[in-house]
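Reader: I am new to reading protein structures and would love a close look at a single part. Please take me through the aromatic rings and the places they sit in.

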Amino acid sequence: APRAPAHGAHGPATGAEAPALRPRARSLAEAAGPPQGGPGGGRGVATACLLVPEVDTATRLCRLVRYSQPEGAGDSLLRDAYADELARLGAGLAVLDGVAWLDLEVEDSDGSRRSRATVAPEAPFDFPRRLFLSLERVSGRARTKPPTLDAELGSSGAALTLRGSAPLDFSPFALIGTEWFGLSGGFPSFTARERGARGTAPAAHPRGAPVYLAQPAGTSFSLPAGGRRVQP
């Protein structure tokens, strides 16, 4: 299930790094189960993904960081305090930077969706039928030279006029400081249809405040046998 961001020490990639050399997704380990009919065999590998705030920004932009360790090696990644401590220590592999929002949902066999799922290790038979991942990321010029507010905006204002260049594609949400806005309209003039969206608090924002417009991406994964494990 998605977890709330943990305070950590992962900053964004520096401008001196070539884009192709910045951290991206990669395979960490492969686990093999015990051979049929006998004990032993390889241990499983526990993995966890956390959103770790980028410390050099006053916004909610994060890095998606992956943690991995062999099964039974020390503490469990399922324990929040342990996972948060790894984030504070700067451990893990940075998969993606500039992440503004992430949603993970599972679909059950009846078509209903939920944001949390647990498969008991002693009875690993019933899995979700499908996984849905939605991610919004601020990158490129939208990150280095984002549009700015043309005028001061109070904590209850609804009209936003921006200065600068618009990304080619962005979601109907904007991040200003630590507040999310639900937007309607078209660049450069918007109306805030929702202030303090996504569980944030409305606040006043000065003229010239950067406005982060994130590019949305999403995918879904279907599990074999409709989520039911095929027995040998």
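**Rings and the strands around them**

Author: Happily! Along the sequence, the pattern is β-β-α-β-β-β-α-β-β-β-β-β-β-β, which gives two helices and twelve strands. Here helices (H or I, at least four residues) and strands (E, at least two) are DSSP runs, numbered from the N terminus. What you see is a predicted model, in which local features need pLDDT of at least 70 and side-chain atom pairs count only at pLDDT 80 or more, while totals for chains, interfaces and linings use all residues. Residues are numbered from 1 along each chain as its sequence is written, and side-chain values use heavy atoms, with hydrogens and water left out.

Start with the whole chain for a moment. Of its 232 residues, 31% are buried (under 20% relative accessible area; over 50% is exposed and in between is partly exposed, with a 1.4 Å probe and protein chains only). Among contacts (heavy atoms within 4.5 Å) with a separation of 6 or more, 67% join residues 24 or more positions apart.

Now to the rings. There are four aromatic pairs in the structure. Rings of Phe, Tyr and Trp (its six-membered ring) pair if their centres lie within 6.5 Å; planes under 30 degrees apart count as stacked, over 60 as edge-to-face and the rest as tilted. One of the pairs is that of tryptophan 101 and tryptophan 180, which is edge-to-face, with 6.2 Å from centre to centre and 80° between the planes. This pair bridges distant parts of the chain: tryptophan 101 belongs to strand β3 (residues 93-107) and tryptophan 180 to strand β9 (residues 179-186), 79 residues apart. The two partners sit in unlike settings, since tryptophan 101 is partly exposed at a relative accessible area of 24%, whereas tryptophan 180 is buried at 2%.

Another edge-to-face pair is made by phenylalanine 170 and phenylalanine 190, with ring centres 6.3 Å apart and planes at 75°. Phenylalanine 170 is in the loop between β7 (159-163) and β8 (173-176), and phenylalanine 190 is in strand β10 (residues 189-197), so this pair ties together parts 20 residues apart in sequence. Phenylalanine 170 is partly exposed, at 24% relative accessibility, and phenylalanine 190 is buried, at 6%.

Go back to the two tryptophans and you will find a third ring: Trp101, Phe173 and Trp180 are linked by ring pairs into a cluster. Two of these rings also have an arginine over the face. A charge sits over a ring if NZ of Lys or CZ of Arg is within 6 Å of the ring centre and within 35 degrees of the ring normal. Arginine 193 lies over the face of phenylalanine 173, 5.2 Å from the ring centre, and arginine 198 lies over that of tryptophan 180, at 4.5 Å.

Next, follow the strand that carries tryptophan 101. Because eleven of the 15 residues of β3 are buried, this strand is largely enclosed by the rest of the structure. For its partners, note that two strands pair if DSSP finds at least two bridges between them. β2 and β3 run antiparallel and are joined by four bridges, and cysteine 62 stands opposite valine 99 in β3. Eight bridges join β3 to strand β5 (residues 130-137), again antiparallel, with glutamate 107 opposite arginine 130 in β5. Strand β4 (residues 113-114) pairs with β3 in the antiparallel sense over two bridges, and here the bridge partner of glutamate 107 is arginine 113. In the hairpin of β3 and β4, five residues lie between the strands, and glycine 111 has a positive phi near 90°.

Just before β3 in the numbering, look at helix α1 (residues 80-88), whose buried residues are Tyr82, Ala83, Leu86 and Ala87. They fall within an arc of 145° (taken from the directions from the helix axis to the C-beta atoms), so they line one face of the helix. Their cover includes β1 (45-53) and β2 (62-70). After α1 comes glycine 90, with a positive phi near 80°.
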